[in-house]
Amino acid sequence: MESDFLPYYHFRHVDSTRSPVCGLAMLNPGWTHMRRCLEMESVLLIGKHGHASIEDNGIPFEISEGHMLLLPAGHIHRGLERAEKPLSYWWFHFYQAVELDDELRIFHPKRIYDDEAGLTLSSKICRSEMLKNGIILPQTMEIQNFGQIGNLCGEALQAFASASDSLLSYNNLVEKILLELGKQFEEKALPAHTEGKSNSLVKKILELIEEELSNPNASVKYFAGALDLNPDYLGRCFKEVMKIPVGQYIARRRVELACSRLRETNSRMEEIAQECGFGSRRQFFEVFRQVTGKTPASYRADSAYIGINSL
């Protein structure tokens, strides 16, 4: 699809996001999405495994691993063909609603086009006005930090399943997912000429971190040596752009990877620690608890959530 014709949507009042239902769809070959139109709720799909073709208002899209797909409220969407292989994706119905004069006002997403989205994101004034309490999302996008989004999805489903009287924690997590996706799109869509030398360097460091995440020797000195740079200079550039030291970022990414392993595998703690780059089981437990506030075992136990749809 040509980028000029890719739909973008502006969501206002993101801090008033409400999500009535969510789930993890685990689907068998032969499945196809039903034809329907939700007048009030938009649907966010986060591909976890496999792929499927979905048409939204006559435009064909694909939901696949590591990608998001937005189905805006008021649109007719349906499956285009039956799935050939098993697939799974997280799904969230959501809308933004604000009480005005004792009435609940629903804010539907507003469609904008490539030139308007580019102008908004490239101008500080436009960004501060249009995105004061909102985000812009493309209808589909590759997710840059899929591990982080996947963990947020898992936490959201867990919060939804365990909520009794209040869904505040769950709605906050759905809001966090939307904000993170909006942030990723904003960073990706900023014009290339606004990227400085530090930004380019940090992109290289981030790529190396993902490649070496399971390496227990990965550190500022390790990456500085790989890039033939002074460790202090590399550390300053990274913190200036990412607002977090390299070491803390590596620890956070390792824990995010470990969370995924704990939720989705039955691997022993020692195996997960090794796969995620921790030097020992003890280090794994200490860092995991420092980042999440839980032990790996308690996180695994708490992650046995409901909300799985199998067809």
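Q: Which residue meets R261 in a salt bridge?
A: This is a predicted model, in which local features need pLDDT of at least 70, side-chain atom pairs count only at pLDDT 80 or more, and totals for chains, interfaces and linings use all residues. Residues are numbered from 1 along each chain as its sequence is written, and side-chain values use heavy atoms, with hydrogens and water left out. A salt bridge requires a side-chain nitrogen of Lys or Arg within 4 Å of a carboxyl oxygen of Asp or Glu. At 3.0 Å, N to O, the side chain of R261 meets that of E275.

Q: How many residues apart are R261 and E275?
A: Helices (H or I, at least four residues) and strands (E, at least two) are DSSP runs, numbered from the N terminus. R261 belongs to helix α8 and E275 to helix α9 (residues 269–275). The pair links distant parts of the chain, with a separation of 14 residues.

Q: What is the relative accessible area of E275?
A: Buried means under 20% relative accessible area, exposed over 50%, and partly exposed in between (1.4 Å probe, protein chains only). R261 is partly exposed, with a relative accessible area of 26%. E275 is partly exposed, and its value is 33%.

Q: Which residue forms a salt bridge with R253?
A: Nine salt bridges are found in the whole structure. In one of them the closest N and O atoms are 2.8 Å apart, and R253 is paired with E210.

Q: Which helix holds E210, the partner of R253?
A: R253 lies in helix α8 (residues 246–264), and E210 is 43 residues away from R253. The pair links distant parts of the chain, and the helix of E210 is α5 (residues 197–211).

Q: Is R253 buried or exposed?
A: Its partner E210 is partly exposed, with a relative accessible area of 38%. R253 has a relative accessible area of 7%. That value falls under 20%, so R253 is buried.

Q: Which residues are linked with R253 in a network of salt bridges?
A: The pair R253 and E210 is joined by a salt bridge. The network that includes R253 also takes in E210, R252 and E256.

Q: What separates R282 from E286 along helix α10?
A: The side chains of R282 and E286 meet in a salt bridge at 3.2 Å, N to O. R282 is exposed at 66% relative accessible area, whereas E286 is partly exposed at 48%. Because they are four residues apart in helix α10 (residues 281–292), their separation is about one helical turn.

Q: Which residue has a polar contact with the side chain of R263?
A: R263 lies in helix α8 and counts as buried at 17% relative accessibility. A polar contact is a pair of N or O atoms within 3.5 Å; within protein, one must be able to donate a hydrogen and the other to accept it, and residues adjacent in sequence count only if both atoms are side-chain atoms. The contact made by R263 is 3.2 Å, side chain to side chain, with Y299.

Q: Which are the edge strands of the four-stranded open sheet?
A: Two strands pair if DSSP finds at least two bridges between them. The order is β3-β8-β5-β6, with antiparallel pairing. Pairing on one side only marks the edge strands, β3 (36–37) and β6 (59–64).

Q: Which residue in β8 stands opposite R36?
A: β3 and strand β8 (residues 76–79) pair in the antiparallel sense over two bridges. The bridge partner of C37 in β8 is I76. Opposite R36 stands H77.

Q: Which side chains of β8 are buried?
A: Side chains alternate along β8, and I76 and R78 point to one face and are not buried. Pointing to the other face, and buried, are H77 and G79.

Q: Which residue in β8 is the bridge partner of E55?
A: Strand β5 (residues 51–56) and β8 run antiparallel and are joined by three bridges. In β8, the partner of E55 is R78.

Q: Which helix gives the most to the lining of the second largest pocket?
A: On a 1 Å grid over the protein atoms alone, a pocket is an open set of points with protein on both sides within 12 Å along at least five of seven lines, and lining residues have an atom within 4 Å of a point. This pocket holds about 370 Å³, a volume being the space filled by probe spheres set on the points, which are joined across faces, edges and corners. Of its 14 lining residues, the closest to the centre are N151, E155, C259, V291 and T292. α8 and α10 each supply at least two lining residues, while the most, five, come from α3.

Terms used. 1 Å grid on protein atoms, 1.4 Å probe; cavity = no way out; pocket = protein on both sides within 12 Å on 5 of 7 lines; lining within 4 Å.
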